[in-house]
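Colleague: Please take a close look at one part of this protein for me. Pick a helix, and tell me how it sits among its neighbours.

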Amino acid sequence: MSSINKNIIIILILVLFNTCRVTAQDTIRNSTVTFQDSIITKVNDKTYKLNYKQLIAPSVLIGYGIVNLESDGLKQLNFSTRDEINEHQPNHIRLDNYTQYAPALMVYGLNAAGIKGKHNFRDRTIIYATSQLIAAAFVVPLKHITKEERPDGSNNLSFPSGHTATAFSSAQFMFREYKDTNFWLSISGYSFAAFTGVYRTLNDKHWVGDVVAGAGFGVLSTELAYWLYPKINSMLIGKEKKATTMIMPFYQNKSFGIALSQRF
């Protein structure tokens with residue numbers, strides 16, 4: 001092959017590689033712009049805003065539970081409710097161990113069936129996991145601080161009800177995912193949450209005040225999870241996009257090679 005033909009082939013190869021490099025750079029740049037627009041949209045979306053109206057209901061429920069710890073009148077209500085329950089001797093079933101998660105499972109099941117909620121699988125999983133971590137951060141320390149004895153006397157970890165907190169955080173999660181598209185479907189999770197709370201008292205595991213406070217902490221945990229989601233999502237995507245690596249061949253001084261470029 002003549003030297004002229006070799007030079008032509010080399011020039012064509014270099015043009016091709018440069019074209020690919022420019023295309024790759026444009027793709028990365030466009031992806032960055034799309035990512036930034038997505039974050040801006042999420043931050044500005046009212047879904048992730050936290051206002052006082054969203055805090056009224058959980059604040060009232062939590063306040064009732066806290067007052068219940070010291071109020072003689074509310075303590076008497078706890079005892080009279082327990083006495084009324086014991087008169088009917090209900091069966092102690094353990095469905096409340098499972099119904100606490102039912103609303104969250106419904107969200108995933110409905111999405112799998114094609115009834116889409118507000119978020120995709122990844123985003124709603126981040127939100128739900130965050131809500132459960134927040135709920136645990138409220139419930140677990142309070143159980144050890146208050147040391148309220150359970151109605152059945154099994155231990156001193158009665159306040160607040162963890163099962164009820166999980167149930168209402170799950171129900172609030174379902175409500176937030178579907179309230180804009182199907183309101184009646186969105187509130188259906190509260191029936192499972194209420195069932196869970198009621199059966200914590202029927203099973204002699206919690207006083208009424210424990211259940212009411214647990215419901216408040218559950219709702220509050222989910223509201224905080226939606227508020228925190230844009231911040232958490234930004235951190236997670238930032239880590240995923242922390243480094244960009246590009247491998248490309250080059251020709252210089254009559255020799256071929258491979259160049260590695262990494263951006264942090």
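Modeller: Contact here means heavy atoms within 4.5 Å. With that cut-off, Tyr178 touches Val107, Leu110 and Asn111, among others. Val107, Leu110 and Asn111 are buried residues of helix 5. That is the part to look at. Bear in mind that this is a predicted model.

First, the setting. The protein has 264 residues, and 38% of them are buried. Its secondary structure comes to 10 helices and two strands. Along the sequence the order is α-α-α-α-α-α-α-α-α-α-β-β. Take the contacts between residues at least 6 apart in sequence: 72% of them join residues at least 24 apart. The exposed surface is about 15400 Å², with 63% supplied by carbon and sulfur atoms.

Now helix 5 itself. It spans residues 102-112. Its buried residues are Ala102, Pro103, Ala104, Val107, Leu110 and Asn111. These pack against helix 4 (96-99), helix 6 (121-146), helix 7 (162-178), helix 8 (183-186) and helix 9 (189-202). After the helix comes Gly114, with a positive phi near 100°.

Helix 6 deserves a closer view. The axes of helix 5 and helix 6 come within 12 Å and cross at roughly 175°. Helix 5 is therefore roughly antiparallel to helix 6. On the helix 5 side, the contact uses Ala104, Val107, Tyr108 and Asn111. Helix 6 contributes Phe121, Arg124, Thr125 and Tyr128. By type, the residues of this contact are five nonpolar, two polar and one charged.

Next, the core. The largest nonpolar core holds 22 residues. Ile127, Phe173, Met174 and Tyr178 touch the most other members. Helix 5, helix 6, helix 7 and helix 10 (208-240) each supply at least two residues of this core. Helix 10 gives the largest share, seven residues. Another core, of six residues, lies apart from it. Its members include Phe168, Ala171, Ala215 and Val219.

Back to Tyr178, one of those core residues that touch the most other members. Leaving out residues up to four places away in sequence, Tyr178 also touches Ile115, Lys116 and Gly117. Phe183, Leu185 and Ser186 complete that list. Phe183, Leu185 and Ser186 fall in the 183-186 range of helix 8, one of the helices that the buried residues of helix 5 pack against.

Conventions
Residues are numbered from 1 along each chain as its sequence is written. This is a predicted model: local features need pLDDT of at least 70, side-chain atom pairs count only at pLDDT 80 or more; totals for chains, interfaces and linings use all residues. Side-chain values use heavy atoms; hydrogens and water are left out. Buried means under 20% relative accessible area, exposed over 50%, partly exposed in between (1.4 Å probe, protein chains only). Helices (H or I, at least four residues) and strands (E, at least two) are DSSP runs, numbered from the N terminus. Axes are lines fitted to C-alpha atoms, for helices over the stretch in contact, and angles run from 0 to 180 degrees between N-to-C directions. Angles under 35 degrees count as roughly parallel, over 145 as roughly antiparallel, 65 to 115 as roughly perpendicular and the rest as oblique. Ala, Val, Leu, Ile, Met, Phe, Trp, Tyr, Cys and Pro count as nonpolar, Asp, Glu, Lys and Arg as charged, and the others, Gly among them, as polar. A nonpolar core is a set of buried Ala, Val, Leu, Ile, Met, Phe, Trp, Tyr and Cys residues joined through side-chain atoms within 4.5 Å. Accessible areas come from the Shrake-Rupley method with a 1.4 Å probe; for residues, only the protein chains shown count as cover.
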